[in-house]
Amino acid sequence: MNSDIYTSGSRRVFLREADRRHILSLIRGEPISRSQIVRATGLRPARVAAVVDSLLKEGLVVERGFGKSAGGRKPLLLKLNNKARYAIGLSVGKSFVTASVLDLGGKIVAKAPSENNSFGGRKGLIQKISTMAKYAIDAIPVGRDKTLGLGITVPGFVDREKGILTFCAYHPWWREIPLKETIERQFNLPVYIENDTMALTLAERWFGKAKGVDDFLYLDVSEGIALGIFLNGELYRGAGGSAGELGHITVDEQGPLCTCGNYGCLEVLGSVLAIRRKAE
C-alpha cells in the first residue's frame with residue numbers, strides 16, 4: 001500500500017514537472033497568451049493558470065503587452081524573463097577549454113579568454129576546466145542561487161547519465177574520467193556532460209537554421225569529423241550512444257595512421273587538422 005502511494009505521488013510530481021516544462025518551452029518562443037497555451041497543450045485552463053502563476057512568482061516569466069482580441073478583452077502575453085537565470089557553458093577541445101555565461105534566451109553575456117596548450121594529462125584537464133568554470137561563475141551578473149548549472153561539451157564518447165568521459169582518441173590517458181562528480185563536488189552546482197557534436201546538433205535545432213526541422217544531419221568538420229543526426233524531432237544517439245562517428249570510417253586503407261588506431265580514416269585525411277598538416 002505504501003508503495004502504491006509512493007508511486008502515485010511520484011507520478012503526480014512527474015506530471016506537474018512535465019506540464020511546467022511544456023509550458024515553459026512554449027513561452028520560450030514568441031510571446032503567447034494563456035488561452036493559446038491551453039489550446040497548444042490540451043491542459044485545463046485552471047492547470048495552465050496555476051503553472052503560469054508559479055512561473056510569474058519565480059520571476060521566470062513576465063507579462064509583456066497585449067495580443068489581438070478575438071472578440072473580448074485583449075489577452076495578456078507571456079514572455080520568458082531571460083535575465084531571471086543564467087547557465088555556464090564550457091567547451092573542451094583537443095587542447096583548449098572555453099567558457100561562457102548565457103542567459104535563458106541563449107545569449108552570451110560573458111566569455112572567458114581561453115588558452116590553447118596541452119592539458120598534460122587527466123589532472124591538467126580537470127584543473128583547466130575548474131579554472132575556466134570559476135572564471136565564468138565569478139562573471140555571473142546575479143547571485144549564485146540564480147545559476148542553473150554547468151554544461152560541458154567534450155570530444156569523444158561520454159556516459160551522459162554518470163557524467164564520465166569514457167574515451168577520446170586524441171589522448172591515451174582520456175579514459176573513464178568522472179568529470180561530473182568532480183566538478184559538482186567542487187562548485188556545488190548541477191553539471192551536465194555532452195558530446196560536442198551532439199550539443200552542436202541540438203544548438204542548430206534550437207537556435208540555428210534547423211529550428212523547427214524534425215529530420216536533418218549536422219556535419220561537424222573541425223579538429224575531427226563527426227555527424228549529428230536528428231530524426232522525428234529527436235536527437236538520434238544509436239544503441240551505444242555514439243551514433244555519427246563519421247570521421248572514423250576508413251576511406252583509404254593505405255592512408256596515414258589515425259588517432260583511433262586505424263589507417264586512412266576520413267578524419268585523418270579531411271579534418272581541419274589534417275588539411276593544416278598538409279599545408280604545412
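A cavity here is a set of grid points where a 1.4 Å probe fits but cannot get out, and a residue counts as lining if one of its atoms is within 4 Å of such a point. Keep in mind that this is a predicted model.

Let's start with the enclosed space. Searching the whole structure turns up one cavity of 30 Å³ or more. The largest cavity holds about 110 Å³, and 17 residues line it. Who sits nearest its centre? Those are Asn195, Met198, Gly241, Ser242 and Glu245.

Several elements chip in at least two lining residues each: strand 8 (157-159), strand 11 (191-195), helix 6 (196-207) and strand 13 (225-231). Strand 13 is the top contributor to this lining, giving three residues.

Now for an open space, the second largest pocket, with a volume of about 490 Å³. It has 16 lining residues, and Ser25, Arg28, Gly29, Trp206 and Lys211 are the ones closest to its centre. At least two residues apiece come from helix 1 (2-27), strand 3 (76-80) and helix 6. Which element supplies the largest share of this pocket's lining? Helix 6 does, with three residues.

Here's how the two linings split by residue class:

| Space | Nonpolar | Polar | Charged |
|---|---|---|---|
| Largest cavity | six residues | seven residues | four residues |
| Second largest pocket | six residues | five residues | five residues |

Helix 6 is worth finding in the structure: it supplies at least two residues to the lining of the largest cavity, and it also gives three to the lining of the second largest pocket.

Key
Residues numbered from 1 in each chain as written. Predicted model: local features only at pLDDT ≥ 70, side-chain atom pairs only at ≥ 80, totals over all residues. Heavy atoms only, no water. 1 Å grid on protein atoms, 1.4 Å probe; cavity = no way out; pocket = protein on both sides within 12 Å on 5 of 7 lines; lining within 4 Å. Points joined across faces, edges and corners; volume = space filled by probe spheres on them. Helix = DSSP H or I, 4+ residues; strand = E, 2+ residues; numbered from the N terminus. Nonpolar A, V, L, I, M, F, W, Y, C, P; charged D, E, K, R; others polar.
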